[in-house]
Amino acid sequence: MIVKKAGQPEDLEGMQQFTVMLKGAPEVVIQKCSSVATSNGEVPLDEDAMMSFQDAYDHFGNNGRRVIGFAHATFNAHGDTKFLFDPLNFPLEDLQFVGISAIMDPPRPDTADAIKQCKLAGIKVFMVTGDHPSTATAIAREIGLIGEPETIIHKHHKVDVSRTLEDGAFVEKNWATVHGKDLPGMSENDWDELLKKKYIVFARRLQNTS
């Protein structure tokens with residue numbers, strides 16, 4: 001979105017000040033920024049700032065929150081400019097990162113029961129979402145798709161399949177979370193290994209990924 005202050009006069013060359021505002025996936029938005037807005041003013045987007053951003057992002061994502069990033073920048077252009085993406089005639093780089101917003105969007109109340117019924121019926125369940133992998137994994141755990149110890153029948157013997165931290169070490173799990181950007185580069189063997197998992201979460205699915 002691009003806006004300008006109402007009633008703003010043009011200078012002698014017909015130029016006015018505009019503000020471009022950007023929102024979207026935080027990990028994408030912040031890559032377009034070179035500075036961060038803080039309570040003490042604008043500061044460079046350095047390693048410490050990136051670590052603070054990642055800590056906050058992980059915190060909200062791991063708690064099942066959907067997170068949106070925001071950035072903006074001011075620039076000058078002729079008052080009657082029609083802004084275009086092709087050719088691009090407004091800034092989309094060196095923006096100022098404003099922050100993130102975490103949204104609680106709980107699953108439908110009947111989702112967990114539907115997942116349970118699918119499991120009891122032996123149905124292999126996949127979850128496909130545009131959420132960040134940490135958010136997607138937290139939601140999948142919340143609805144009972146992944147993350148709980150499970151008993152399966154294998155050659156007439158009951159086998160406990162633990163998919164959580166056990167005795168201080170992670171044991172093999174029967175589920176996987178996959179980032180959409182990794183799908184195009186997966187080989188046939190990669191798919192074979194992935195599809196051995198009983199439950200799969202496809203996160204940040206790309207629109208052109210089939």
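**Entry 1: strand 13 and its partners**

I began with Trp175 and asked which residue is its bridge partner in strand 13. The partner turned out to be Tyr199. I note here that I am working on a predicted model. The pairing of strand 12 (residues 175-179) with strand 13 (residues 199-203) runs in the parallel sense, over five bridges. To get from strand 12 to strand 13, the chain passes through helix 5 (residues 188-194), and I logged this β-α-β crossover as right-handed.

Next I looked for another partner of strand 13. Strand 7 (residues 125-128) pairs with strand 13, again in the parallel sense, over four bridges. Within that pairing I found Val128 opposite Phe202.

Is strand 13 mostly covered or mostly open? It is mostly covered, as five of its five residues are buried. I then sorted its side chains by direction: Tyr199, Val201 and Ala203 point one way, while Ile200 and Phe202 point the other way. Both sets are buried.

**Entry 2: the six-stranded sheet**

I moved on to a sheet of six strands. Its order is 1-2-5-6-3-4, it is open, and its pairing is mixed. Strand 1 (2-4) and strand 4 are the edge strands, each pairing on one side only. I also took down the average turn between neighbouring strands of this sheet, which is 35° with direction ignored.

Then I went through some of the pairings:

- Strand 5 (residues 66-78) meets strand 6 in the antiparallel sense, over seven bridges. Phe70 has Gly99 of strand 6 as its bridge partner.
- Strand 3 (residues 33-38) meets strand 6 (residues 95-103) in the parallel sense, over three bridges. Here Cys33 sits opposite Leu95.
- Strand 3 meets strand 4 (residues 41-44) in the antiparallel sense, over four bridges. Ala37 has Glu42 of strand 4 as its bridge partner. How many residues lie between strand 3 and strand 4 in their hairpin? I found two.

As a reminder to myself, strands of a sheet pair through backbone hydrogen bonds, either parallel or antiparallel.

I also checked which helix packs on this sheet, and it includes helix 2 (residues 47-62), which touches strand 3, strand 4, strand 5 and strand 6. The direction of helix 2 makes about 20° with that of strand 6.

**Entry 3: nonpolar cores**

Which residues have the most contacts inside the largest nonpolar core? My list reads Val20, Cys33, Leu45, Phe75, Leu95 and Phe97, in a core of 19 residues. Strand 2 (15-24), strand 3, helix 2, strand 5 and strand 6 each supply at least two residues of this core. Strand 5 gives the most, with five residues. Cys33 and Leu95 are thus familiar names by now, since they also stand opposite each other across strand 3 and strand 6.

I picked Val20 for a closer look. Setting aside neighbours within four places in sequence, I found Val20 in contact with Met1, Ile2, Ala71, His72, Ala73, Phe75, Phe90, Pro91 and Leu95. There is also a second, separate core of 13 residues, including Ile115, Ala140, Ile143 and Leu145.

**Entry 4: salt bridges**

My count of salt bridges came to seven. For context, side chains of opposite charge can pair when their charged atoms come close.

The pair I spent time on is Arg204 and Glu27, whose side chains meet in a salt bridge at 2.8 Å, N to O. Arg204 lies in the segment after strand 13 and Glu27 in helix 1 (residues 26-29), so this salt bridge ties together parts that are 177 residues apart in sequence. Are the two ends buried or exposed? Arg204 is buried, at a relative accessible area of 16%, whereas Glu27 is partly exposed, at 25%.

Two further salt bridges went into the notebook:

- Arg108 and Asp110 meet at 3.4 Å, N to O. Arg108 is exposed because its relative accessibility of 61% is over the 50% cut-off, and Asp110 is partly exposed at 42%.
- Asp182 and Lys181 meet at 3.3 Å, N to O. Asp182 is partly exposed, with a relative accessible area of 39%, and Lys181 counts as exposed at 54%.

Last of all, I traced a network: salt bridges that share partners join Arg66, Asp105 and Asp131.

How values were computed. Residues are numbered from 1 along each chain as its sequence is written. This is a predicted model: local features need pLDDT of at least 70, side-chain atom pairs count only at pLDDT 80 or more; totals for chains, interfaces and linings use all residues. Side-chain values use heavy atoms; hydrogens and water are left out. Two strands pair if DSSP finds at least two bridges between them. Axes are lines fitted to C-alpha atoms, for helices over the stretch in contact, and angles run from 0 to 180 degrees between N-to-C directions. Contact means heavy atoms within 4.5 Å. Buried means under 20% relative accessible area, exposed over 50%, partly exposed in between (1.4 Å probe, protein chains only). A crossover is right-handed if, with the strands pointing away from the viewer, the path from the first strand over the helix to the second runs clockwise. A nonpolar core is a set of buried Ala, Val, Leu, Ile, Met, Phe, Trp, Tyr and Cys residues joined through side-chain atoms within 4.5 Å. A salt bridge is a side-chain nitrogen of Lys or Arg within 4 Å of a carboxyl oxygen of Asp or Glu.
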